[in-house]
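Subject: Structure handover

Hello,

Here is the structure I said I would pass on. Please keep it open while you read the notes underneath.

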Amino acid sequence: MAASVILVVDDEPVITQTLVLILNSFKDEFFAIGTTNVSDALKIVEGIHPDLVLLDAIMPGAHGLDHALQMRDKSGCKILMMSGQGATANYLEESRLSGNEPFEIMAKPVHPNDLVAKIREMLMRSPRPSDWKSPLTFHIH
């Protein structure tokens with residue numbers, strides 16, 4: 001069985017690097033890559049469609065919730081949000097009340113064992129239906 005691809009997105013380089021290191025220590029289970037930039041994260045999601053995106057909910061110059069919606073709804077990625085700010089709950093509730101499917105969220109700091117358990121749980125769930133279609137078409141003649 002192939003390792004699940006995880007994209008870690010956090011504006012704090014030390015957090016991004018640490019989470020990538022922790023997840024990659026589970027060699028047969030996860031292959032993690034990271035970025036501190038939401039624009040780069042969107043390009044990565046469009047290009048490789050990771051199995052799960054671990055996304056900081058509030059980053060400078062970017063509202064993570066808007067990007068989470070884009071990643072999840074256009075590319076079909078599972079999203080696990082993280083936040084160390086109490087205001088995040090308000091953003092998530094506003095999004096839910098606007099008709100969006102709720103997001104999973106974990107408070108920072110998070111113990112690595114709890115994070116890995118949550119990621120495993122999310123990856124075990126059936127994939128959610130998505131209108132995303134691969135731009136690649138294969139023809140066998």
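The notes below go from the overall fold to the sheet, the helices, the cores and a few single residues.

Overall fold

Please keep in mind that this is a predicted model. The protein chain has five helices and seven strands. In sequence order, these elements follow the pattern β-α-β-α-β-β-β-α-β-α-β-α. Of the 141 residues in the protein chain, 36% are buried. Among contacts with a separation of 6 or more, 73% link residues that are 24 or more positions apart.

The sheet

Five strands form an open sheet in the order β2-β1-β3-β6-β7, and the pairing is parallel. Its edges are β2, residues 30-35, and β7, residues 104-107, each of which pairs on one side only. From one strand to the next the twist averages 20 degrees. At the β7 end, strand β6, residues 78-83, runs parallel to β7 and is joined to that strand by four bridges. Within this pairing, Met82 has Met106 in β7 as its bridge partner.

Helix α1

Helix α1 covers residues 13-24 and lies across β1, β2, β3 and β6. Its direction is at about 170 degrees to that of β2. The helix has 12 residues, and the distance from its first C-alpha to its last is 16 Å, close to the 16 Å expected at 1.5 Å a residue.

Which residues of α1 are buried? They are Thr16, Leu19, Val20 and Leu23. Seen down the axis of α1, these buried residues fall within an arc of 100 degrees, so they line one face of the helix. The cover over them includes β1, β2, β3 and β6, and also α5, residues 112-124. On the other side of α1, the exposed residues are Val14, Gln17 and Leu21.

Leu21 deserves a line of its own. This residue of helix α1 counts as exposed, with a relative accessibility of 62%. Its C-alpha is separated by 9.8 Å from that of Phe31, and the two residues are 10 residues apart along the chain.

Helix α2

In α2, the buried residues are Val38, Ala41, Leu42 and Val45. They span an arc of only 100 degrees around the axis, which puts them on the same side of α2. Lys43 and Gly47 are exposed on the other side of this helix.

The nonpolar cores

The largest nonpolar core consists of 18 residues. Those with the most contacts inside it are Val9, Val53, Leu55, Met71, Ile79, Met81 and Phe103. The elements that each give two or more residues to this core are β1, α2 (38-48), β3, α3 (64-75) and β6. A second core, separate from that one, has 16 residues, including Leu19, Leu52, Leu115 and Ile119.

For a view of the surroundings of one core residue, take Val53. Leaving out residues up to four places away in sequence, Val53 touches Leu7, Val9, Val45, Met71, Cys77, Lys78, Ile79 and Leu80.

Two charged residues

Where is Asp10 placed? Asp10 sits in the loop between β1 and α1. Its relative accessible area is 0%, so Asp10 is buried. Residues up to four places away in sequence aside, Asp10 touches Ile15, Thr16, Thr35, Thr36, Asp56, Met59, Met82 and Lys108. One of these contacts, Met82, is 72 residues from Asp10 along the chain, and their C-alpha atoms are separated by 8.8 Å.

Is Lys118 buried or exposed? This residue is found in helix α5. Buried means under 20% relative accessible area, and Lys118, at 15% relative accessibility, therefore counts as buried. Apart from residues up to four places away in sequence, Lys118 touches Leu80, Glu104, Met106 and Arg125. Met106 is the β7 residue already named as the bridge partner of Met82.

Regards

Conventions. Residues numbered from 1 in each chain as written. Predicted model: local features only at pLDDT ≥ 70, side-chain atom pairs only at ≥ 80, totals over all residues. Heavy atoms only, no water. Pairing = 2+ DSSP bridges. Axes fitted to C-alpha atoms, helices over the stretch in contact; angles between N-to-C directions. Contact = heavy atoms within 4.5 Å. Core = buried A, V, L, I, M, F, W, Y, C linked by side-chain atoms within 4.5 Å. Buried < 20%, exposed > 50% of the residue type's maximum accessible area, 1.4 Å probe, protein only. Expected span 1.5 Å × (residues − 1). Arc of directions from axis to C-beta.
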